[in-house]
Amino acid sequence: MVSVLQNVAIDCADAYELARFWSGVTGRPLHPEDKPGDRETQVMLVAGPVLYFNQVPEPKRIKNRIHLCLRPETSREQEVERLLGLGATLVTDRRNPDGSGWAVLADPEGNEFCVLRSDSDHAAMSS
């Protein structure tokens with residue numbers, strides 16, 4: 001017997017607004033019943049677990065112990081710029097001159113996540 005991963009839960013101050021940000025990041029919709037002011041919201045991913053946002057009273061204070069890593073469909077550089085435009089902030093730039101590495105960003109509530117190289121970035125480095 002095994003367990004199945006149901007969701008990735010993210011504690012936050014404003015569940016609906018943070019879910020809207022992540023909906024923009026992933027290009028996936030919020031649960032059809034979610035609305036502004038809801039204390040629990042979900043972003044419905046194509047496959048696998050949903051992103052579940054749970055409103056809590058305490059603020060985020062320290063670095064995440066678990067985070068999401070994103071592999072963009074476009075280049076890493078284009079995706080970082082797009083996410084900054086959605087409201088993310090650059091936390092740490094671990095991109096290297098040779099094209100390897102990643103960028104650490106934070107969502108509007110300070111939750112860190114990484115943007116990895118895309119498949120096309122990998123292919124460009126291999127040629």
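Four bridges join strand S6 (residues 101-106) to S7 in this predicted model, and the two strands run antiparallel. Within that pairing, Ala 103 stands opposite Val 115 in S7. Five residues separate the strands in the hairpin of S6 and S7, where Gly 110 takes a positive phi near 90°.

Strand S7 also pairs with S4: three bridges join them, and these strands run parallel. Here Cys 69 stands opposite Cys 114 in S7. Strand S7 spans residues 112-115; Glu 112 and Cys 114 point one way, Phe 113 and Val 115 point the other way, and all are buried.

**Cysteines**

The facing of Cys 69 and Cys 114 in S4 and S7 raises the matter of disulfides, of which the structure holds zero. Why does Cys 69 form no bond with Cys 114? The sulfur of Cys 69 is 4.4 Å from that of Cys 114, the closest cysteine sulfur, which is too far for a bond because a disulfide requires sulfur atoms within 2.5 Å. Cys 12 is likewise without a partner, because its sulfur is 20 Å from the closest cysteine sulfur, also in Cys 114. As for accessibility, Cys 12 counts as buried because its relative accessibility is 3%, under the 20% limit. Cys 69, at 45% relative accessibility, counts as partly exposed.

**Pockets**

The two pockets described below are set out by volume and by the classes of their lining residues.

| Pocket | Volume | Lining by class |
|---|---|---|
| Largest pocket | about 470 Å³ | ten nonpolar, three polar and seven charged residues |
| Second largest pocket | about 270 Å³ | four nonpolar, two polar and four charged residues |

The lining of the largest pocket comprises 20 residues, and those nearest its centre are Ala 9, Ile 10, Asp 11, Asn 64 and Asn 111. Which strand gives the most to the lining of this largest pocket? Strand S1 (residues 7-12) does, with five residues.

The second largest pocket is lined by Val 25, Thr 26, Cys 69, Leu 70, Arg 71, Pro 72, Glu 73, Thr 74, Glu 79 and Arg 82. Helix H1 (15-26), strand S4 (68-70) and helix H2 (76-86) are the elements that give two or more residues to this lining. Cys 69 therefore belongs to two parts of this account: the residue lines the second largest pocket, and its sulfur lies 4.4 Å from that of Cys 114, too far for a bond.

Key: Residues are numbered from 1 along each chain as its sequence is written. This is a predicted model: local features need pLDDT of at least 70, side-chain atom pairs count only at pLDDT 80 or more; totals for chains, interfaces and linings use all residues. Side-chain values use heavy atoms; hydrogens and water are left out. On a 1 Å grid over the protein atoms alone, a cavity is a set of points where a 1.4 Å probe fits but cannot get out, and a pocket is an open set with protein on both sides within 12 Å along at least five of seven lines; lining residues have an atom within 4 Å of a point. Grid points are joined across faces, edges and corners, and a volume is the space filled by probe spheres set on the points. Ala, Val, Leu, Ile, Met, Phe, Trp, Tyr, Cys and Pro count as nonpolar, Asp, Glu, Lys and Arg as charged, and the others, Gly among them, as polar. Buried means under 20% relative accessible area, exposed over 50%, partly exposed in between (1.4 Å probe, protein chains only). Two strands pair if DSSP finds at least two bridges between them.
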